[in-house]
Amino acid sequence: MATKCENCPLRRRDIFEDMSADDLRFMQRFKAGELVVDAGTPILMEGSNSPQLYTALHGMGLRYKLLPNGKRQVVNLILPGDFIGLQAAVMGEMGHSVEATTKMTLCVFDRSEIWTFFKDRPERAFSLTWLAAVEEHFLGDAISTLGQRTAIQSVAWALSRIFIRGRALGLVNNAEMKFPYKQQDLADALGLSLVHTNKTLASLRSKQLAHWTDGLLRINNLEALASVALVDVLTPAKRPII
């Protein structure tokens, strides 16, 4: 049975903004159902114009682009609460692909109803704009990382960012977080070779800054890791839920 918006488990997390009773009723009408997909399932494909949009309710995934030569660029990772498909809703087709990394539960929305946000619920439309702005900000950080950070700074940046967000989502327990990705995913995201990524992770492990093995990420001193990454440990800004 699909989760009702008023019972959404994401609403219990401080990282997400409160929603009024009226907003909850509106979102419940907007929600078309739920979809459960297994790990490795394509959710949206580059160039597609899927009639559906999604919010990740449970599980993790990734966004990526494939080049004509078969090489892959991971754009970013998907965590619970992320909205999926906004690009297709605005531009008519996806500029990247989305794939489930773990088993995922997705809230499903009818793309044709997205313009109702702008016509009838401008505050909800602003939430969509905010999410788009956050993605743009993240991509700016990612480009800076690709161009200016060293390998160890880049890996430390990626791990500290994901750990900070995971902590806000309640995914961290005793300094450990499930991190079910492959080293190749991290390498593809940071423009590094798999060998270089493996050596860099080993260096962080030897410095006792981060330990990632068997799908589990452990960070005992987040401040020290963030210092290597040239970032501050800040509480993430509250995010709207779509």
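Student: How are H5 and H7 oriented to each other?

Tutor: This is a predicted model, in which local features need pLDDT of at least 70, side-chain atom pairs count only at pLDDT 80 or more, and totals for chains, interfaces and linings use all residues. Residues are numbered from 1 along each chain as its sequence is written, and side-chain values use heavy atoms, with hydrogens and water left out. Helix H5 (residues 151-168) and helix H7 (residues 194-206), which are DSSP runs of H or I of at least four residues numbered from the N terminus, pack at an angle of about 75° with their axes 9 Å apart, where axes are lines fitted to C-alpha atoms over the stretch in contact and angles run from 0 to 180 degrees between N-to-C directions. Since angles under 35 degrees count as roughly parallel, over 145 as roughly antiparallel, 65 to 115 as roughly perpendicular and the rest as oblique, H5 and H7 are therefore roughly perpendicular.

Student: How many charged residues does the contact of H5 with H7 have?

Tutor: Taking contact as heavy atoms within 4.5 Å, Ala151, Ile152, Val155, Ala156 and Leu159 in H5 meet His196, Thr200, Leu201, Ser203 and Leu204 in H7. With Ala, Val, Leu, Ile, Met, Phe, Trp, Tyr, Cys and Pro as nonpolar, Asp, Glu, Lys and Arg as charged, and the others, Gly among them, as polar, these residues divide into seven nonpolar and three polar, and the number of charged ones is none.

Student: Is Thr200 buried or exposed?

Tutor: Thr200 lies in helix H7 and, leaving aside its neighbours within four places in sequence, is in contact with Ala151, Ile152 and Val155. Its relative accessibility is 5%, and because the cut-offs are under 20% for buried, over 50% for exposed and partly exposed in between, with a 1.4 Å probe and protein chains only, Thr200 counts as buried.

Student: Which residues of H7 does H6 meet?

Tutor: Helix H6 (residues 183-190) and H7 pack at an angle of about 105° with their axes 9 Å apart, and the two are therefore roughly perpendicular. By class, their contact has four nonpolar, four polar and no charged residues. From H6, Gln183, Gln184, Leu186 and Ala187 take part, and they meet Leu194, Thr197, Asn198 and Leu201.

Student: What radius of gyration does the chain have?

Tutor: Along its principal axes the C-alpha trace spans about 55 × 40 × 30 Å. The globule rule, 2.2 Å times the number of residues to the power 0.38, is applied to a radius of gyration taken over C-alpha atoms. For 242 residues a compact globule would be near 18 Å, and the chain agrees with this, having 18 Å.
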